[in-house]
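Please take me through one part of this model at close range, and then set that part in the context of the rest of the chain.

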Amino acid sequence: MITKIIDDNSISVIPEDSDDLLSLRRIIKENDKVVGDTTRVLKQDKDYARPDKGERIKIRIALTVEKISLDDVLDRLRIGGTISESSNESVPHGSHHSFILKVNDGITISKKKWLPIEKNLLEASNNQLGFVLVAIDTADCGIARLRGTHLEFMPNIYSGSGGKRYKTNFNIEKFFENIQQAVSSIIKEGDSLVIFGPGETKKRFSNFIAKSQKYKIQVVEGIDSGGEDGIYTFTKSKTMQEIMSDSKLAKVSSIIDEVMHLVNKKSRKFTMGFDETYNANQIGAVDSLVFSDKAIQEIDEQKMINFLNDVESKGVKIYSVDSSTDIGLRVTGLGGIISLLRYPVES
């Protein structure tokens, strides 16, 4: 999340992915003020204008928040309330309106007092590591950007190579140029470039891109497939946990592995599902917690948001995952919420 402090009460934000929208859902509360650009239909005051027809115009408004909710796929945030200020005098103050906030939309949030947990959520979203993953072989190349636990794929790039049995005018330099162009369109300042795949093509591409671009590059051995399959193989591998140990995805993967280890040991130092985790949190036993987007959809949204904020206020490390990765699907399959505990708790 891109943030800018305006003053003691106001912070401007631009969410960069669905994880940021979820953080904003936890931050924005009733009676906060949200300022942003939106569109509104205004009746035309012209001769011969149809009485049921209006003109949709772009305006900037300040909204006193009354209701906030995520949509079904968590890629939009609906913020409803009453208009307190407007850039257009035709828009009456006190009328109701809703913002539909999407990734890369900017708003300013004003609060009478920012709570520590709210500032921590902004800071955590602002400091997430980004990785561009490149799974390459001579036939095709898969590219995805990993930020937090969200994986955003680009379309596969194909080389046009006909393989050993066919004679072609295959130009690997042109293939590399196409990949470089795609990487440049998705990589952001501070991101690391991680390159893997079968054979020596990954090293050749690393040398090629290092000549013209100053990326932080890491070439990884042991992933023997390219394309989209190679990306998925990498995100499920122990290699990912080792070379990206500080990343959110690696930490979540480690928590899942530990939970499964405790299951096999028949230990009670973990929970699965909302009720188990809620009860463990009530007695302060939760050490770290992972939840999937499915949990937000299947449990009363406000109840879930209140629960997450209460857990985090106790110093618990919380991680959200979505269905863009195999790890997110695994958490969904384990009840949508899992946690590691400080001490065993009887169910």
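Q: In which sense, parallel or antiparallel, do strand β1 (residues 2-5) and strand β2 (residues 10-14) pair, and over how many bridges? Please look closely at this part, and then carry on to the rest of the chain.

A: In this predicted model, strand β1 (residues 2-5) and strand β2 (residues 10-14) pair in the antiparallel sense, and four bridges hold the pairing. One of the residue pairs can be followed directly in the structure, since I2 has I14 of β2 as its bridge partner. The connection from β1 to β2 is a hairpin that passes through four residues. As general background, strands of a sheet pair through backbone hydrogen bonds, and they may do so either parallel or antiparallel.

To set this hairpin in its context, it helps to look at the chain as a whole. The protein chain has 347 residues, of which 49% count as buried, and its secondary structure comes to 11 helices and 17 strands. Along its principal axes, the C-alpha trace spans about 75 × 65 × 35 Å. The chain exposes about 18200 Å², and carbon and sulfur atoms supply 46% of that area. When contacts between residues at least 6 apart in sequence are considered, 66% of them join residues at least 24 apart.

Following the chain onward from the hairpin, one comes to helix α1 (residues 18-27), whose axis comes within 10 Å of the axis of helix α2 (residues 116-126), the two crossing at roughly 170 degrees. With a crossing angle of that value, α1 and α2 are therefore roughly antiparallel to each other. On the α1 side the contact is made by D20, S23, L24, R26 and I27, while α2 contributes I117, E118, L121, L122 and S125. Sorted by class, this contact between α1 and α2 has five nonpolar, two polar and three charged residues.

Strand β5 (residues 76-86) offers another place to pause, for it contains S84. S84 has a relative accessible area of 27%, so it is classed as partly exposed. Leaving out residues up to four places away in sequence, S84 touches K33, A62, L63, T64 and H93. With T64 in particular, the C-alpha atoms are separated by 6.6 Å, although S84 and T64 are 20 residues apart along the chain.

Two loop residues deserve a word on backbone geometry. Most residues other than glycine have a negative phi. N104, which is not a glycine, nevertheless has a positive phi of about 75 degrees, and its place is in the loop between β6 (96-102) and β7 (107-110). Because its relative accessibility is 53%, N104 counts as exposed. K266 is also not a glycine and has a positive phi, in this case of about 60 degrees, and K266 lies in the loop between α7 (248-264) and β14 (270-272). K266 too is exposed, with a relative accessible area of 73%.

The strand that follows this second loop, β14, belongs to an open sheet of four strands, arranged in the order β14-β17-β15-β16 with mixed pairing. β14 and β16 (317-321) stand at the edges and have a single partner strand each, so one side of each is left without a neighbour in the sheet. On average, and with direction ignored, neighbouring strands of this sheet are turned by 15 degrees against each other. Within the sheet, β15 and strand β17 (residues 337-341) run antiparallel and are joined by five bridges, and here S288 stands opposite L340 in β17.

Helices accompany this sheet. Helix α10 (residues 301-313) packs on the sheet and touches β15, β16 and β17, and its direction makes about 150 degrees with that of β15. Helix α8 (residues 274-282), for its part, lies across β14, β15 and β17, and runs at about 140 degrees to β14.

Strand β15 (residues 286-292) also holds S292. With a relative accessible area of 0%, S292 is buried. Not counting residues up to four places away in sequence, the residues that S292 touches are V321, G328, V331, T332 and G336.

To return to the part you asked about, β1 and β2 form an antiparallel pair over four bridges, with I2 placed as the bridge partner of I14 and four residues making the hairpin link between the strands.

Terms used:
Residues are numbered from 1 along each chain as its sequence is written. This is a predicted model: local features need pLDDT of at least 70, side-chain atom pairs count only at pLDDT 80 or more; totals for chains, interfaces and linings use all residues. Side-chain values use heavy atoms; hydrogens and water are left out. Axes are lines fitted to C-alpha atoms, for helices over the stretch in contact, and angles run from 0 to 180 degrees between N-to-C directions. Angles under 35 degrees count as roughly parallel, over 145 as roughly antiparallel, 65 to 115 as roughly perpendicular and the rest as oblique. Contact means heavy atoms within 4.5 Å. Ala, Val, Leu, Ile, Met, Phe, Trp, Tyr, Cys and Pro count as nonpolar, Asp, Glu, Lys and Arg as charged, and the others, Gly among them, as polar. Buried means under 20% relative accessible area, exposed over 50%, partly exposed in between (1.4 Å probe, protein chains only). Accessible areas come from the Shrake-Rupley method with a 1.4 Å probe; for residues, only the protein chains shown count as cover. Two strands pair if DSSP finds at least two bridges between them.
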